[in-house]
Amino acid sequence: MEVPLSRYQSLVLDQIHGSSGSFSGHRYLFSGYCFSFTRRKWRNPCSQIWCSSAMEQGLKPRPKLQRLQIDISERKETVLEETQIRKPSSGIGNQIEKLVLYKRYREALELFEILELEGGYEVGSSTYDALVSACVGLKSIRGVKRVFNLMTRNGFEPDLYMRNRVLLMHLRCGMMIDARKLFEEMPEKNLVSWNMMVAGLVDSGEFMEAFRLFLRIWQEFSEGGSRIFATMIRASAGLGLIFAGRQVHSCALKMGVGQDIFVSCALIDMYSKCGDIEGAQFVFDELPEKTTVGWNTIIAGYALHGYSEEALSLYYEMRESGVKMDHFTFSILVRICTRLASLEHAKQAHAGLVRHGFGSDIVANTALVDFYSKWGRIEDARHVFDKMPCKNLLSWNALIAGYGNHGRGDEAIELFEKMLKEGLIPNHVTFLAVLSACSYSGLSERGWEMFESMSRDHKIKPRAMHYACMIELLGRDGLLDEAYALLRAAPFKPTANMWAALLTACRIHENLELGKLAAEKLYGMEPEKLSNYIVLLNMYNSSGKLKEAAGVVQTLRRKGLRMRPACSWIDVKKQAHFFYSGDKIHFETKQIYQKVDDLMAEIVKHGYTPQQKTLLPDVDENEERILLYHSEKLAIAYGMISTPDGTSLQIVQSHRVCSDCHSAIKLMALVTGREIVLRDGSRFHRFKDGSCSCGDYW
Ligand SMILES: [Zn+2]
Ligand SMILES: [Zn+2]
């Protein structure tokens with residue numbers, strides 16, 4: 001596609017202006033900055049410093065930088081010579097450089113203290129260069145300030161290369177305000193400086209600002225190389241503006257860098273993040289060479305949009321193509337498995353990680369801990385967790401939530417305390433995991449203690465989810481008035497989650513009055529969410545209030561809401577099998593129905609009585625007629641006939657399990673000696689030895 005550059009520029013300008021309304025003439029955009037080119041300000045007036053974790057996501061250096069690095073090594077020698085002749089004391093400088101060469105950054109900065117404190121040392125450009133690397137390596141804001149201070153104090157006159165390095169140091173440590181000032185005050189800038197600044201802006205989420213600077217680059221250079229295009233595509237993805245991304249794409253094609261691997265991977269990512277998975281697939285198909293990063297990006301793109309099966313089959317294609325798989329590949333695979341409940345694939349990913357030497361990768365292992373915790377294998381989760389050489393907060397959170405899901409509240413709390421002892425600072429996710437663990441396990445008092453200590457000891461304000469957790473905790477104890485009081489006492493407007501927790505409590509304890517109030521609040525907040533209506537409908541039905549029930553049905557009709565059939569699915573031999581209540585589509589229908597009948601006959605011997613007037617929490621009343629063959633029962637029966645004895649089963653479904661199925665499954669787990677993990681619309685249920693981890697509250 002031929003798009004004249006000038007037209008392209010004005011297009012982006014207009015369109016971005018239209019979309020956000022904050023794009024003004026770029027020539028005067030930076031009037032607030034000091035443009036003095038003759039008098040350089042090397043003082044550090046920094047008033048606002050913040051760190052961006054996104055910094056690490058920066059693209060790998062392009063060839064241009066490599067050439068620069070060769071320049072440095074050539075130059076390094078000459079500078080070294082100079083300083084050595086002038087000042088013998090530069091021995092410390094040499095030591096610092098050596099330490100940095102071996103990536104011993106912390107020690108290098110410790111040694112730097114001598115230069116700093118004693119003063120009077122002549123510090124060579126190469127030593128500063130090494131110190132910059134140390135600061136970048138450690139992402140140390142304090143280090144940056146100290147090194148920069150010394151440069152100023154010593155009257156160091158950096159050349160363009162060193163100015164770029166100093167800029168990079170500020171950018172990588174997230175000191176954006178200072179970086180911006182340095183950039184604008186540079187007496188001369190080359191393309192490296194511009195690219196660096198734009199990439200820094202994108203990394204710190206200042207996408208519009210990056211676009212403004214990008215236009216200035218065009219005015220000054222009329223080119224930018226593949227690197228800048230990859231950066232600007234990331235900016236478009238960050239803004240979620242597909243038209244901006246398409247413009248940059250066509251411009252990259254015109255400049256002949258459309259096939260560059262960095263540009264292509266950024267494009268795949270951008271298209272998939274902007275919801276255009278076909279666009280992403282198109283770019284991927286056009287890749288001249290399908291690299292590991294390319295495969296990872298397209299698989300992650302499909303997974304992001306919930307196309308888990310497609311993502312999985314792409315993973316197989318990747319494996320067959322013989323391209324190397326890295327720890328990202330396996331992390332994505334585990335995340336897909338978590339959604340698909342596919343134990344087989346997860347085990348494969350686990351083995352692949354170990355075999356490929358990524359056994360200690362923190363991201364992939366955390367994904368594994370999460371997977372095993374969610375799918376009933378808490379011992380496996382613990383095993384992976386214990387073997388991790390280093391763990392981050394996410395790893396701890398995943399395991400604590402795992403113990404909670406398994407109804408093992410005491411262990412969750414124990415782990416939480418261990419985490420505190422090891423010096424980790426909990427976040428709101430940690431508390432959510434601990435509070436739900438307390439709630440699931442009926443540890444009311446402990447839950448309250450935690451809830452109170454959140455803001456008191458850990459300075460974390462409880463959010464709506466934490467309140468919802470506490471409402472559930474009270475609801476389990478049947479303290480509905482207290483739950484309602486807590487909801488009203490929240491220092492913000494109660495959210496849908498909080499009302500939903502109250503509604504669940506009302507359903508279980510059959511409190512119609514409060515239930516009606518909660519349901520009506522929910523109608524207002526989530527008018528399209530069917531389950532809210534159905535919960536109330538079933539409550540009315542079961543308490544014989546037929547007139548009120550008819551009213552709910554009328555409301556449903558008026559809103560044009562239709563009930564979707566309940567569906568459950570199970571993964572057997574890497575293949576997903578879907579079941580609808582009472583359906584007879586599956587090729588092994590006969591055996592499946594026979595197995596359900598056998599199982600039901602078996603559990604009757606263990607005291608099961610079918611609940612005639614059962615509450616279907618959020619599915620159609622028609623389902624009641626086919627109660628015996630609810631989709632979850634069919635999925636379980638299929639799992640039983642197609643896997644060896646003792647194998648645990650993982651089932652997923654979007655609707656809440658009904659109380660009849662719940663009690664039936666508990667006994668099925670008992671009589672078959674199998675563990676059954678069911679993820680329903682509300683939570684994880686882990687059925688084992690005749691009981692469920694949810695404590696019969698869902
Ligand atoms: Zn059921
Ligand atoms: Zn349960």
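Among contacts in the chain between residues at least 6 apart in sequence, what percentage join residues at least 24 apart? The answer is 66%, and I would like to keep that figure in mind while we go through the chain, remembering throughout that this is a predicted model.

Let me start with the overall picture. The chain has 698 residues, of which 44% count as buried, and along the chain there are 33 helices and 6 strands. The UniProt entry, which is unreviewed, carries the annotation "repeat: PPR" for residues 124–158, 291–325 and 392–426. If we look at residues 124–158 in the model, the chain there is 77% helix and 0% strand, with the end C-alpha atoms 10 Å apart. Over residues 392–426 the corresponding values are 74% helix and 0% strand, and the end C-alpha atoms lie 11 Å from each other.

Now to helix 24, which takes in residues 444–457. Its 14 residues, at 1.5 Å a residue, should span 20 Å, and the end C-alpha atoms are 19 Å apart, which agrees. Which residues of helix 24 are buried? They are G447, M450, F451 and M454, and because they cover an arc of only 95° around the axis, they sit on the same side of helix 24. The face turned away from that buried side carries the exposed residues E445, E452, R456 and D457. As for what covers the buried residues, it includes helix 23 (428–440) and helix 25 (464–476). Just after helix 24 comes K459, which takes a positive phi of about 55°.

Helix 29, residues 530–542, makes a useful second case. Its 13 residues should span 18 Å at 1.5 Å a residue, and the end C-alpha atoms are indeed 18 Å apart, which agrees. This helix is mostly covered, with 11 of its 13 residues buried, among them Y533, L536, L537 and Y540. The buried residues of helix 29 pack against helix 27 (496–508), helix 28 (512–525) and helix 30 (546–558). After helix 29 comes G544, and here phi is positive, near 75°.

A brief word on a single residue, R382, which belongs to helix 20 (residues 378–387). Is R382 buried, partly exposed or exposed? There are 18 other C-beta atoms within 10 Å, and so R382 is partly exposed, since a residue needs 20 or more to be buried and 12 or fewer to be exposed. The C-alpha atoms of R382 and I400 are separated by 10.0 Å, and the two residues are 18 residues apart along the chain.

Finally, let us turn to the strands around strand 4, which covers residues 676–679. I676 and L678 point one way from strand 4, while V677 and R679 point the other way, and all are buried. On one hand, strand 4 is joined by 4 bridges to strand 3 (residues 649–653), and these two run parallel; within this pair, I651 stands opposite L678. Strand 3, helix 33 (residues 659–672) and strand 4 together make a right-handed β-α-β unit. On the other hand, 4 bridges join strand 4 to strand 5 (residues 684–688), and that pair runs antiparallel. Here I676 stands opposite F687 in strand 5, and the link from strand 4 to strand 5 is a hairpin through 4 residues.

Terms used
Residues are numbered from 1 along each chain as its sequence is written. Chains are lettered from A and ligands numbered from 1 in the order in which they are written. This is a predicted model: local features need pLDDT of at least 70, side-chain atom pairs count only at pLDDT 80 or more; totals for chains, interfaces and linings use all residues. The expected span of a helix is 1.5 Å times one less than its number of residues. Two residues are in contact if their C-beta atoms, placed from the backbone, lie within 7 Å. UniProt positions are given in the numbering used here, feature names are shortened, and annotations may be inferred rather than shown by experiment. The arc is that of the directions from the helix axis to the C-beta atoms. Two strands pair if DSSP finds at least two bridges between them. A crossover is right-handed if, with the strands pointing away from the viewer, the path from the first strand over the helix to the second runs clockwise.
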